[in-house]
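Here's a quick look at the pockets of this protein and at one residue in a loop. Have the structure open as you read.

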Amino acid sequence: MIAILLGAPGVGKGTQAELAAEANGWVHLSTGELLRQEAAAGSELGLKANEYMSRGDLVPDEVMVGLVVARIESLKADDVLLLDGFPRTLPQAEELGKAAPSGSIGLALYFMASDDVLTGRLLGRGRQDDTLEVIQHRLTVYRETTEPLVAYYRDQKILREIQADRPVEAIQKDTSQVVKSVLSQKESA
Ligand code: AP5
């Protein structure tokens with residue numbers, strides 16, 4: 001099964017995906033992390049991607065789709081994949097729908113927090129793209145390009161909302177529980 005983690009920069013997608021994957025033996029794929037590893041290794045793709053990331057812009061869809069589809073194809077049938085940071089555009093969501101095995105996208109978890117909470121967390125972290133100017137641009141890109149996916153997955157009746165302005169442990173309890181409940185529904189169907 002594939003569970004998509006949706007939500008604005010700084011909402012805690014990476015934190016929650018990592019904890020849930022570790023506790024439950026699930027697979028965590030972070031597209032941001034993948035790009036940062038490519039950039040650190042100095043690959044052509046990574047260096048190109050870093051230009052977009054440092055501005056807070058999205059890396060082009062064709063690059064992202066190629067990276068993610070290759071990893072989906074290498075999954076085992078009983079893997080649970082937590083997809084963190086992908087899809088981020090409607091074309092990415094459509095390509096994911098085509099590439100994923102039929103019925104395997106079981107859940108889109110929508111993490112929610114106010115812009116003040118998000119900005120405070122990102123400034124506190126201080127990654128290369130965590131300056132105030134870039135954070136504000138990332139939030140604008142998110143609202144314009146990624147947030148429409150909330151309605152897209154709500155229409156598909158797989159969206160579940162999670163309040164993310166709470167302690168990490170409380171959010172984690174809900175996150176793992178929701179994924180497990182969808183998994184057990186699928187198993188008994
Ligand atoms: P990506 O790495 O995905 O960045 P992002 O979406 O901006 O997400 P963040 O990692 O900033 O936030 P998060 O929600 O994971 O929160 P986190 O757990 O880290 O992408 C970076 C760039 O790569 C993009 O801008 C784009 O250029 C490119 N890219 C990636 N995917 C792409 C795609 N599909 N298409 C095109 N381009 C793509 O937490 C943030 C901080 O808050 C941490 O310090 C954490 O410790 C803290 N925190 C977390 N939860 C809590 C809590 N409950 N309470 C207090 N603090 C908390």
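Let's start with the second largest pocket: its lining splits into eight nonpolar, one polar and four charged residues. Keep in mind that this is a predicted model. The space in this second largest pocket comes to about 240 Å³. Lining it are 13 residues, and M1, K76, A77, D79 and S104 sit closest to its centre.

Now for the largest pocket, with a volume of about 850 Å³. The elements giving two or more residues to its lining are β1 (2-6), α1 (13-24), β2 (27-30), α2 (31-41), α6 and α7. Of these, α2 supplies the largest share, five residues. The lining has 40 residues, and those nearest the centre are K13, R36, R88, R127 and R138.

Here are the two pockets together:

| Pocket | Volume | Lining residues | Nonpolar | Polar | Charged |
|---|---|---|---|---|---|
| Largest | about 850 Å³ | 40 residues | 15 residues | 13 residues | 12 residues |
| Second largest | about 240 Å³ | 13 residues | eight residues | one residue | four residues |

Two of those central residues in the largest pocket, R127 and R138, lead us to D129. You'll find D129 in the loop between α6 (115-125) and α7 (132-146). Is D129 buried or exposed? D129 counts as buried because its relative accessible area is 8%, and the cut-off for buried is under 20%.

The side chain of D129 makes a polar contact with the side chain of R127, at 2.8 Å. Setting aside neighbours within four places in sequence, D129 is in contact with M53, V134, I135 and R138.

Note on methods:
Residues are numbered from 1 along each chain as its sequence is written. This is a predicted model: local features need pLDDT of at least 70, side-chain atom pairs count only at pLDDT 80 or more; totals for chains, interfaces and linings use all residues. Side-chain values use heavy atoms; hydrogens and water are left out. Helices (H or I, at least four residues) and strands (E, at least two) are DSSP runs, numbered from the N terminus. Buried means under 20% relative accessible area, exposed over 50%, partly exposed in between (1.4 Å probe, protein chains only). A polar contact is a pair of N or O atoms within 3.5 Å; within protein, one must be able to donate a hydrogen and the other to accept it, and residues adjacent in sequence count only if both atoms are side-chain atoms. Contact means heavy atoms within 4.5 Å. On a 1 Å grid over the protein atoms alone, a cavity is a set of points where a 1.4 Å probe fits but cannot get out, and a pocket is an open set with protein on both sides within 12 Å along at least five of seven lines; lining residues have an atom within 4 Å of a point. Grid points are joined across faces, edges and corners, and a volume is the space filled by probe spheres set on the points. Ala, Val, Leu, Ile, Met, Phe, Trp, Tyr, Cys and Pro count as nonpolar, Asp, Glu, Lys and Arg as charged, and the others, Gly among them, as polar.
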